[in-house]
Each structure stands twice: as C-alpha cells, then as structure tokens.
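Please find below my notes on the fold, in numbered points. They start with the sheet and end with the chain as a whole.

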Amino acid sequence: MIFIIILVNVAILDIAVKNLIEKHYTKKDSRYIPGGLVKIHRCENKGCFLGFMNKRAGMVRVISVVITLLCLLLLLIILPKKGMSVKKLGLALVLGGAISNEYDRIKKGSVTDYFSINLPFLKNVVFNLGDISIFAGVILLVLGTKEQPR
C-alpha cells in the first residue's frame with residue numbers, strides 16, 4: 001500500500017507544481033532560487049527527455065503510454081509478493097513521474113518542465129519533479145535487480 005501512496009503523491013505533487021508554474025510563469029520568465037544553483041523557468045517539451053523526438057509527439061505519446069502500462073503491470077505483479085522493496089519503490093517512483101508526464105501529454109500535447117541546475121553540464125537541461133522521480137526510480141530498479149521475492 002505504501003508504494004501506491006508514493007506513486008500517487010509523486011504524480012499529484014508534480015501536476016500541482018506544473019499548474020503553479022503554468023499559472024505564474026510565461027516562457028520568458030525565470031528566477032533563481034537563493035544561492036543560484038537552481039533556476040525556475042517554464043519550458044514545454046513535446047518530445048521526451050532532452051527534447052528527443054520533439055517532432056514526433058504522437059509517437060512519443062504512444063510509446064510512453066505503452067511503457068507506463070508495462071511498468072504498471074509489473075508493479076501489480078510484484079506488489080503482492082513479499083520482499084523486493086527496492087524494486088517496488090523504484091517502480092512506484094517511475095510510475096508517479098510517468099503518470100504526471102502522461103497527464104501533461106494527453107491534456108496539453110506537451111510536458112511542462114520547470115527547473116534547471118546551474119552547473120555547466122546541466123544548465124541547458126530543463127527538468128520537472130516527474131523526470132527526477134523517473135530517474136531515481138530507474139536507479140533503484142537497477143540496484144534491486146538481484147532482489148528476490150521471499
């Protein structure tokens with residue numbers, strides 16, 4: 001049950017932040033969080049990570065829905081099994097981020113990204129909480145690959 005709660009909370013939080021960004025920022029607005037490491041700004045992405053396949057938004061939507069459904073199926077299969085907490089957490093994080101991004105794609109035709117990290121190799125990459133959740137979830141899935149059910 002905790003993994004479903006995590007999944008739902010990640011999706012709801014990311015959608016809520018995206019709504020705030022869309023309400024208070026135009027695509028030209030930007031602000032730095034004190035300290036200057038994080039820049040808040042609004043960017044619409046029709047493709048997937050780093051704007052890959054931006055001109056094939058329909059294909060991205062289909063592929064991402066299929067992958068999201070496969071991850072959901074996998075979570076539903078392993079959820080009743082004892083153990084595998086790292087895998088379950090990883091899938092919950094991936095799905096929470098994927099669902100919030102899918103919601104954007106279906107509702108608006110693009111995903112709202114809203115922050116960058118002001119480091120030379122990252123300052124041109126714009127993320128959202130869903131992206132970070134997916135990234136963290138994938139890392140946990142890799143770490144949990146040797147985890148066996150009890």
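1. The three strands of this predicted model form an open sheet in the order E1-E2-E3, with antiparallel pairing. Strands are DSSP runs of E with at least two residues, helices runs of H or I with at least four, both numbered from the N terminus; two strands pair if DSSP finds at least two bridges between them. E1 (30-32) and E3 (111-117) each have a single partner strand and stand at the edges, so one side of each lacks a neighbour in the sheet. From one strand to the next, the twist averages 30°.

2. Six bridges join E2 (residues 38-45) to E3 in the antiparallel sense. Lys39 stands opposite Ser116 in E3.

3. Helix H1 (residues 2-24) lies across E2 and E3, at about 85° to E3. Helix H3 (residues 85-108) also packs on the sheet, where it touches E2 and E3, and its direction makes about 130° with that of E3. Contact means heavy atoms within 4.5 Å; angles run from 0 to 180 degrees between N-to-C directions of lines fitted to C-alpha atoms, for helices over the stretch in contact.

4. Four helices and three strands make up the elements of the protein chain, and their order from the N terminus is α-β-β-α-α-β-α.

5. Of the 150 residues in the protein chain, 39% are buried, meaning under 20% relative accessible area with a 1.4 Å probe, protein chains only.

6. On the record: residues are numbered from 1 along each chain as its sequence is written. In this predicted model, local features need pLDDT of at least 70, side-chain atom pairs count only at pLDDT 80 or more, and totals for chains, interfaces and linings use all residues, while side-chain values use heavy atoms, leaving out hydrogens and water.

Terms used
Buried < 20%, exposed > 50% of the residue type's maximum accessible area, 1.4 Å probe, protein only.
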